[in-house]
Amino acid sequence: MKLTLRIWRQSSADQPGSYQSHQLENVSPDLSLLEALDQLNEQLISSGERPVSFEHDCREGICGSCGFLVNGQAHGPRAATSVCQLYLREFNDGAVLTLDPWRAKAFPPIQDLMVDRSAFDRLIAAGGYCSTGTGQAPDGNALPVGREQATSAFSTATCIGCGACVASCRNASASLFVAAKLAHLGQLPQGQPERARRADTMQRQMEAEGFGSCSSNLECEAVCPQEISADWISWMHRESRS
Amino acid sequence: MSNGLPDPRIPAGPLADAWRRTREELPLISPLRKGQMDVLVVGTGLAGASAAATLAQQGYRVTVLSFHDSPRRAHSVAAQGGINAARSVAVDGDSVSRLFTDTLKGGDFRAREAGCQRLAEISSGIIDQCVAQGVPFAREYGGSLATRSFGGALVSRTFYARGQTGQQLLYGAYQALMRQVELGRVQMLTRRDVLELITVDGVARGVVARHLLSGELEVHTARTVLLCTGGYSNVYFLSTNALKSNTSAIWRAHRKGALFANPCFTQIHPTCIPSGDVFQSKLTLMSESLRNDGRVWLPKNTGETRQPDAIPEEERDYFLERLYPTYGNMTPRDVASRRARELCNAGRGVGPGGRSVYLDLTDAIRAEGKDAIAARYGNLMTMYERISGDDPYRKPMRIYPAPHYTMGGLWVDYHLMSSIPGLFVLGEANYSEHGANRLGASALMQGLADGYFIAPSTVTAWLAGNPAQDVATDHPACREALESTRRRISQLINSEGKTPVDSFHRELGSVMIDRCGISRHADGLRVGLEQVKALEERFEAEVRVPGEASGPNAELEKALRVKDFFGLAQLMLRDALAREESCGAHFREEHQSDDGEARRDDVNFAHIAAWQHNTNGEPIRHSEPLQFTALQPSTRSYK
């Protein structure tokens, strides 16, 4: 098939960016969009142009490295999918795809489709853990966790930290990311001792990083590749009040 | 040093309890002194993150380098199926000694028994540790930990978090690490690619790293260095590894004198989504746990063109169940991979080019319902659907073997120290404990055993016995390492060729899969060696690395990696050629029984091959003999 990729090119944070269009002829519909970018980059290198920078690694939807906007939608049109798992068969022959980086104050641009998401690590450092040291653990079976409770905690623990929720929120809020971590640990007995403090420190760090407050438009839930429910944001707000 | 090898420091006396005795004898350091000692950890996967968090908790000043933008992206995140532990709570008869036996036997008796025993003993504590961190393991309704079974074992000892066990264990270790960052005990440096090891008076004292955004070369020194950098199966280009996984850190250490053990032992995983287009960049693994419920089959006839649901039961060959009635679909990975390849080569394969077999969940869905299967493997089913475009609930999945885990790696002694004093190697980056073939759900166990429990004791013992001064970053050894790294980079940047790096990498991968893949023979290995040498020469003359050494340059990163892969590929081929036997993942066609099973040679090859780099000639092969006291080598049979 044939594709036109209209890509945001920006050599560094202090340089202005602009769109550049590239044609791809004869690409297989069985390729992922990232593989199409690889193919484009080989063409660019052979013709002496700078290849397009984009983050990627595992290419199976789990490491959370990749992510950009495809026609304005984080990770593209398909629900519950990160962009490395977006295959060209989703698009029509001759389609024009506009690719933009995540845009948020707390995610400074690096180059082309790459942004700096280290704010997420600082959010975790602000309390997204159980304060337990190695070698101090009791028998794992001494602390029963009902199946439904474990499954619910798991469903929030699966956040891959890609940043799509931030990129699609009109306030660039990290509420879904923070809520997911609070809900993961807050639903388990191991997370109880620090529950209130965690809710407080993580939310304060969210503000300090320049993330906005929840815009209640639920786009975060719509684009989350792990389908984490925005209901957890309400849950987070209740945590703060308690 | 005997046989050209350092003392492997295997504890004397009875095997059971040897680790506890060793630990009690290891010297300690006061917490106050630890605060004056710095430790460098490279890599933030299960091994690196767990080691860094634990060492920091003990009081060391820890610096961690990762080539990712966040430690949470390390490739351990992609491990799916589970983590083994012998907890002896169920009534299926599991015990520490059975896990020991399965590990040693599964590795085809090419691992040290003391290491396998220690792993089995530690395993249960790993689960407790992770539970305490809040890892949401699957639970029974009553609240106790759930388990499932995996290939190569007849008991149910695999703990799991749906198909995302690696992710959940990694997040546990990552969170423990970030807690230490917040406490100011860990300096976390992301987006650093480690390109050289620094040794002072023969002792590992630091690394040279390239900052991936500025391109700046940095020197980091410490009292000791831990390499936790994962495996190298990306030498095959198409593998299940994440694209940035590489061999650079351990390969540079090898060039500095660290012995490289059993490089040819690469596990080919039987259940991957097969490849299609030439621009396909990787192969995606489908957890082996699917074989609990999935039946593997092929049409009995060659050239079958019907859809799978149109092929009647009597025309299907459930070949693993037929050939291995005891283990059936749960035969270990090497055996299942080889059988699939043979049948595809015989013309019975399905899918494009006849390069796949069916993994069919129809019976399980019929018996238990779609919801039950979705609860067990939901994310795997979605992943398959995304990649293949087919719905695995309605149509059998197509799978084919692909390079996955590398059992080879830097040689380490029982203390996880390489042949370079002060250089520790953890997790997949070392060669230890899996022998010639790793059992499913054992990689996570080894990574965390190394990081949480073993290295923190042995690193302390090393530091207690080797008081050293800090090394200034302008020490001549640092300057020299920096200079040689700079030279390597400028050679690549100034190369005047026209061909992109990936093109060479694809070619290298195709040579390696043909010559040193699921099965090998002497002629092919010799031809492969010549092909790789020729390709490396072409790479040097014809590669194009656009851009500058400064600033982000993904092509330069790739070029440095692929350059190291050429050296490693040659060592893998040599190692495979020298090992004149079939064992585990290493199947030499010259060495097989009449019914096509691997034939081991315990008289001549019951050893670890450890290769020494030789600047002026071919690498030198040393061997560490393996002693078996608790379990005598037997023919591995899964029939």
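A helix here is a DSSP run of H or I at least four residues long, and helices are numbered from the N terminus. The model in these views is predicted.

**View 1. Helix H16 of chain B holds a salt bridge within itself.** Helix H16 covers residues 554–578 of chain B. Both B:Arg561 and B:Glu557 sit in this helix, 4 residues apart. That spacing is about one turn of the helix. Their side chains meet in a salt bridge, with 3.4 Å from N to O. Are these two residues buried or exposed? Buried means under 20% relative accessible area. B:Arg561 has 8%, so B:Arg561 counts as buried. B:Glu557 has 11%, so B:Glu557 is buried too. A network of salt bridges with shared partners joins B:Asp108, B:Arg110, B:Arg579, B:Glu581, B:Arg600 and B:Asp602.

**View 2. Helix H15 of chain B also carries a salt bridge.** The partners are B:Asp523 and B:Arg526, and the gap from N to O is 3.4 Å. Helix H15 spans residues 522–542 of chain B. The two residues are 3 apart in this helix, so about one helical turn separates them. B:Asp523 is exposed, at 51% relative accessible area. B:Arg526 is partly exposed, at 45%.

**View 3. Helices H3 and H6 of chain B pack together.** Two numbers describe such a pair: the angle between the axes and the distance between them. H3 runs over residues 46–58 and H6 over residues 165–182. Their angle is about 35°, and their axes lie 8 Å apart. The crossing of H3(B) past H6(B) is left-handed. From H3(B), the contact uses B:Leu46, B:Ala49, B:Ser50, B:Ala52, B:Ala53, B:Ala56 and B:Gln57. From H6(B), it uses B:Leu169, B:Leu170, B:Ala173, B:Tyr174, B:Ala176, B:Leu177 and B:Gln180. Which classes of residue make this contact? It has 11 nonpolar and 3 polar residues, and no charged ones.

**View 4. Chain A and chain B meet at an interface.** Chain A gives 74 residues to the contact, and chain B gives 70 residues. The area buried between the chains is about 6,100 Å². Carbon and sulfur atoms give 51% of this area. How many salt bridges are counted between chain A and chain B? The count is 7. Over all chains, the count comes to 66 salt bridges.

**View 5. A:Arg78 and B:Glu385 form a salt bridge.** Their side chains come to 3.0 Å, N to O. A:Arg78 lies in a loop of chain A, between strand S4 (73–74) and strand S5 (95–100), while B:Glu385 lies in helix H11 (residues 370–388) of chain B, so this pair joins two chains. A:Arg78 is partly exposed, with a relative accessible area of 25%.

**View 6. A:Asp139 pairs with B:Arg87 in a salt bridge.** The side chains of A:Asp139 and B:Arg87 are 2.7 Å apart, N to O.

**View 7. B:Arg506 touches residues of chain A and chain B.** Where is B:Arg506 found? It is in helix H14 (residues 501–516) of chain B. Its relative accessibility is 19%, and buried means under 20%, so B:Arg506 counts as buried. Leaving out residues up to four places away in sequence, B:Arg506 touches A:Glu42, B:Phe237, B:Val278 and B:Phe279.

How values were computed
Residues numbered from 1 in each chain as written. Chains lettered and ligands numbered in written order. Predicted model: local features only at pLDDT ≥ 70, side-chain atom pairs only at ≥ 80, totals over all residues. Heavy atoms only, no water. Axes fitted to C-alpha atoms, helices over the stretch in contact; angles between N-to-C directions. Left-handed = near helix turned anticlockwise from the far one by under 90°. Contact = heavy atoms within 4.5 Å. Nonpolar A, V, L, I, M, F, W, Y, C, P; charged D, E, K, R; others polar. Salt bridge = Lys/Arg side-chain N within 4 Å of Asp/Glu carboxyl O. Buried < 20%, exposed > 50% of the residue type's maximum accessible area, 1.4 Å probe, protein only. Buried area = accessible area lost by both parts, 1.4 Å probe.
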